[in-house]
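Q: Please take a close look at one part of the structure shown here. A single connected account would be welcome, one that moves from this part to what lies around it.

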Amino acid sequence: MTPDSLLAELRTAIEAQSFPEIMTPAQAAQFLGVSEDYLRDHRKRRSGPPYSQPASKIVRYMRSDLIAWLNRSRIAA
């Protein structure tokens, strides 16, 4: 790991801490840099990040699940 990549990972980790551990779809979309529609579509297809649905109209994402999902989606150059 190069010093630049280490610094980038550290910066990302610090920025991630500014988001709550449990997020609404709007917060999760902002965290991931995608639209709420993107997350909704992936929920329907069951192909996106894990989420919780404690009630029929309530959806929540865990920050750690979003980060893990991003890590699983990484493509090595």
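A: Strands S2 and S3 run antiparallel and are joined by two bridges; helices (H or I, at least four residues) and strands (E, at least two) are DSSP runs, numbered from the N terminus, and two strands pair if DSSP finds at least two bridges between them. The model is a predicted one, in which local features need pLDDT of at least 70 and side-chain atom pairs count only at pLDDT 80 or more, while totals for chains, interfaces and linings use all residues. Residues are numbered from 1 along each chain as its sequence is written, and side-chain values use heavy atoms, with hydrogens and water left out.

Ser52 has Arg60 of S3 as its bridge partner. The connection from S2 to S3 is a hairpin of two residues. Strands of a sheet pair through backbone hydrogen bonds, either parallel or antiparallel. Here, three strands make up an open sheet with antiparallel pairing, in the order S1-S3-S2. S1 and S2 are its edge strands, each pairing on one side only.

The link between S3 and the segment before S2 also involves side chains. Tyr51 and Tyr61 form an aromatic pair, with 6.1 Å from centre to centre and 55 degrees between the planes, which is a tilted arrangement; rings of Phe, Tyr and Trp (its six-membered ring) pair if their centres lie within 6.5 Å, and planes under 30 degrees apart count as stacked, over 60 as edge-to-face and the rest as tilted. Tyr51 belongs to the loop between H3 and strand S2 (52-55), whereas Tyr61 belongs to strand S3, 10 residues apart. Tyr61 is buried, at a relative accessible area of 1%, and Tyr51 is partly exposed, at 26%; buried means under 20% relative accessible area, exposed over 50%, and partly exposed in between (1.4 Å probe, protein chains only). On the ring of Tyr51, Arg43 lies over the face, 5.9 Å from the ring centre; a charge sits over a ring if NZ of Lys or CZ of Arg is within 6 Å of the ring centre and within 35 degrees of the ring normal.

Arg43 leads to helix H3 (residues 36-45), where Leu39, His42 and Arg43 are buried. These residues lie on the same side of H3, because they cover an arc of only 105 degrees around the axis, the arc being that of the directions from the helix axis to the C-beta atoms. Lys44 and Arg45, on the other side of H3, are exposed. Helix H2 (25-32) and strand S3 (58-62) are included in what covers the buried residues of H3. Directly after H3, Arg46 adopts a positive phi of about 55 degrees.

H2 has its own buried residues: Pro25, Ala28, Ala29, Phe31 and Leu32. Their arc around the axis is only 160 degrees, so they are on the same side of H2. Gly33 follows H2 with a positive phi, near 75 degrees. Within H2, Phe31 is buried at 16% relative accessible area. Gln27, also placed in helix H2, counts as partly exposed at 29% relative accessibility. Its touching residues are Phe19, Pro20 and Ile22, when residues up to four places away in sequence are not counted; contact means heavy atoms within 4.5 Å. Gln27 relates back to S3 as well: Gln27 and Arg60 are 33 residues apart in sequence and 9.4 Å apart in space, C-alpha to C-alpha.

The structure holds two aromatic pairs. Besides the tilted pair of Tyr51 and Tyr61, there is that of Phe19 and Phe31, whose ring centres are 5.0 Å apart and whose planes stand at 75 degrees, so this pair is edge-to-face. Phe19 lies in the loop between helix H1 (3-16) and strand S1 (22-23) and Phe31 in helix H2, so the pair ties together parts that are 12 residues apart in sequence.

The wider setting is a protein chain with four helices and three strands, arranged along the sequence as α-β-α-α-β-β-α. Of its 77 residues, 22% count as buried. Among the contacts in the chain between residues at least 6 apart in sequence, 45% join residues at least 24 apart.
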